[in-house]
Amino acid sequence: MQKRILVTGGAGFLGSHLCERLVAAGHEVLCVDNFFTGTRRNIAHLLDDRRFELLRHDITFPLYVEVDEIYNLACPASPIHYQFDPVQTTKTSVMGVINMLGLAKRVKAKFLQASTSEVYGDPSVHPQPEEYWGNVNPIGFRSCYDEGKRCAETLVFDYIRQHRMPAKVVRIFNTYGPRMHPSDGRVVSNFVVQALGGKDITLYGDGSQTRSFCYVDDLIEAMVRMMGTGPETTGPINIGNPTEFSIRELGELVLELTGSKSKLIFEPLPSDDPKQRQPDIRKARELLGWEPEIALPVGLKKTIDYFDDLLRRGDGPHPVGASRSN
Ligand SMILES: NC(=O)c1ccc[n+]([C@@H]2O[C@H](COP(=O)([O-])OP(=O)(O)OC[C@H]3O[C@@H](n4cnc5c(N)ncnc54)[C@H](O)[C@@H]3O)[C@@H](O)[C@H]2O)c1
């Protein structure tokens, strides 16, 4: 059945893939974005499709549209971007989710919130199951994002309890792929852009800290399956790839796949940087019948091809857009 679906943050990395996927499935998609970190380039190929509509709007302000489903992805996701204007980051998570949940309530839409593994902070439990409450610093540089997302989860569950709304939360772990922002400072884009530009690859600490990397297509599949579940399935549910790699292994793989002559160099670890992060995805397996399928070398190759093309077109790293707190 064709639905009318709102995707906030739809011009961003994940949002653009989600819009593409939903349009391809025959739905009408309304992409809402303030272009803080997202770009028109990410959705340029959808603009001529009559099922796709773009609206420049900041979700910290109310919005009224008739839709059947809302995927709330709007929020800068990388530390460089969310720390650029931390007050706006918290507003986007908290006021943004209040506005979008209010809209979902009024128009009786199904709602899915894009939360994050950062709600676990620097975890003392490994891998992290959904029942783990996290270890988060409430006053640090990452708090605008971590605590904003935690509060957004609280709001989703209060709306579910108080208003009996069909809402859901997915906790996304490190995801990578084409259309990542080239200057987002995230490890995959950093390494790939550095290697393609012939610059040394910067590792923080000794590179032994581990991360798990999920390819974007796997993540989008899980999000769509989650939205398709009944009201009893609320989450929060971890979505990510549990296969762990050390940051050093990732650096070596990027060098191998790009054929770059760059070297690995080491710099001090930033504060609050988690040492380990790995999703426990038993719930996603059981409730969504989902499993990540794309291995790191395969996804990394597609990501490298994307950045290679971007850099050749002279569209390399650049600062983010101009949205500010007020
Ligand atoms: N990529 C990951 O690995 C990852 C991991 C965990 C969680 N997430 C979550 O997934 C969502 C999407 O992340 P992404 O990686 O695509 O990041 P992104 O920065 O590429 O996308 C976020 C989008 O939201 C838009 N935006 C920001 N503030 C807005 C506002 N106030 N109003 C309207 N639009 C706004 C940006 O312009 C951008 O297009 C975020 O909510 C993020 O927290 C992503």
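This report walks through the ligand site, the empty spaces, a salt bridge and some backbone details of the structure above. Please keep in mind that the model is predicted.

**Around the ligand**

Let us begin with the ligand and its neighbours. A shell of 30 residues surrounds the ligand, and those that come nearest are L14, D33, T37, Y145 and K149. Sorted by class, this shell holds 14 nonpolar, twelve polar and four charged residues.

Which elements supply at least two residues each to the shell? They are the helices α1 (13–24), α3 (86–107) and α4 (143–163), together with strand β5 (110–116). With three residues, β5 gives the most to the shell around the ligand.

Some contacts with the ligand are set out below, with the distance for each.

| Residue and its atom | Ligand atom | Distance |
|---|---|---|
| F13, backbone N or O | oxygen | 2.9 Å |
| L14, polar backbone atom | oxygen | 2.8 Å |
| T92, side-chain N or O | nitrogen | 3.1 Å |

In the contacts of F13 and L14, the protein uses backbone atoms, while T92 uses an atom of its side chain. How much of the ligand's accessible area does the protein cover? On its own the ligand has 810 Å² of accessible area, and 97% of that is covered by the protein.

**Empty space inside and at the surface**

Rolling a probe the size of a water molecule over the atoms shows where empty space is left. For this model, the search gives one cavity of 30 Å³ or more. The largest cavity holds about 30 Å³ of space.

Its lining is made up of N72, A74, C75, T92, S93, V97, Q113 and K149. Two of these names have come up already: T92 has the side-chain contact with a ligand nitrogen, and K149 is among the residues that come nearest to the ligand. Helix α3 provides the largest share of the cavity lining, namely three residues. By class, the lining of the largest cavity has three nonpolar residues, four polar ones and one charged one.

Next come the pockets, which are open. The second largest pocket has a volume of about 240 Å³. The residues that line this pocket are V119, Y132, W133, R150, E153, T154, F157, R161, R171 and P236. Which element gives the largest share of this lining? Helix α4 does, with five residues. The pocket lining divides into five nonpolar, one polar and four charged residues.

**Salt bridges**

Side chains of opposite charge can pair when their charged atoms come close. In this structure there are 19 salt bridges. One of them is formed by R4 and E28, whose closest N and O atoms are 3.3 Å apart. This pair links distant parts of the chain, since R4 sits in strand β1 (residues 4–8) and E28 in strand β2 (residues 28–33), 24 residues apart.

**Backbone details worth a look**

Most residues other than glycine have a negative phi, and most peptide bonds are trans. A few places in the model depart from that pattern.

Where are the cis peptide bonds described here? One joins H126 and P127, with omega at about -10 degrees. P127 belongs to the loop between β5 and α4. Another cis bond runs from G235 to P236, and its omega is near 0 degrees. P236 is placed in the loop between α6 (216–227) and β11 (237–239), and P236 is also one of the residues lining the second largest pocket.

R164 shows a positive phi, near 55 degrees, although R164 is not a glycine. You will find R164 in the loop that lies between α4 and β6 (167–172).

Conventions: Residues numbered from 1 in each chain as written. Predicted model: local features only at pLDDT ≥ 70, side-chain atom pairs only at ≥ 80, totals over all residues. Heavy atoms only, no water. Near = heavy atom within 4 Å. Polar contact = N/O pair within 3.5 Å; in protein donor to acceptor, adjacent residues only side chain to side chain. Areas by Shrake-Rupley, 256 points an atom, 1.4 Å probe, with all protein chains shown as cover. Helix = DSSP H or I, 4+ residues; strand = E, 2+ residues; numbered from the N terminus. Nonpolar A, V, L, I, M, F, W, Y, C, P; charged D, E, K, R; others polar. 1 Å grid on protein atoms, 1.4 Å probe; cavity = no way out; pocket = protein on both sides within 12 Å on 5 of 7 lines; lining within 4 Å. Points joined across faces, edges and corners; volume = space filled by probe spheres on them. Salt bridge = Lys/Arg side-chain N within 4 Å of Asp/Glu carboxyl O.
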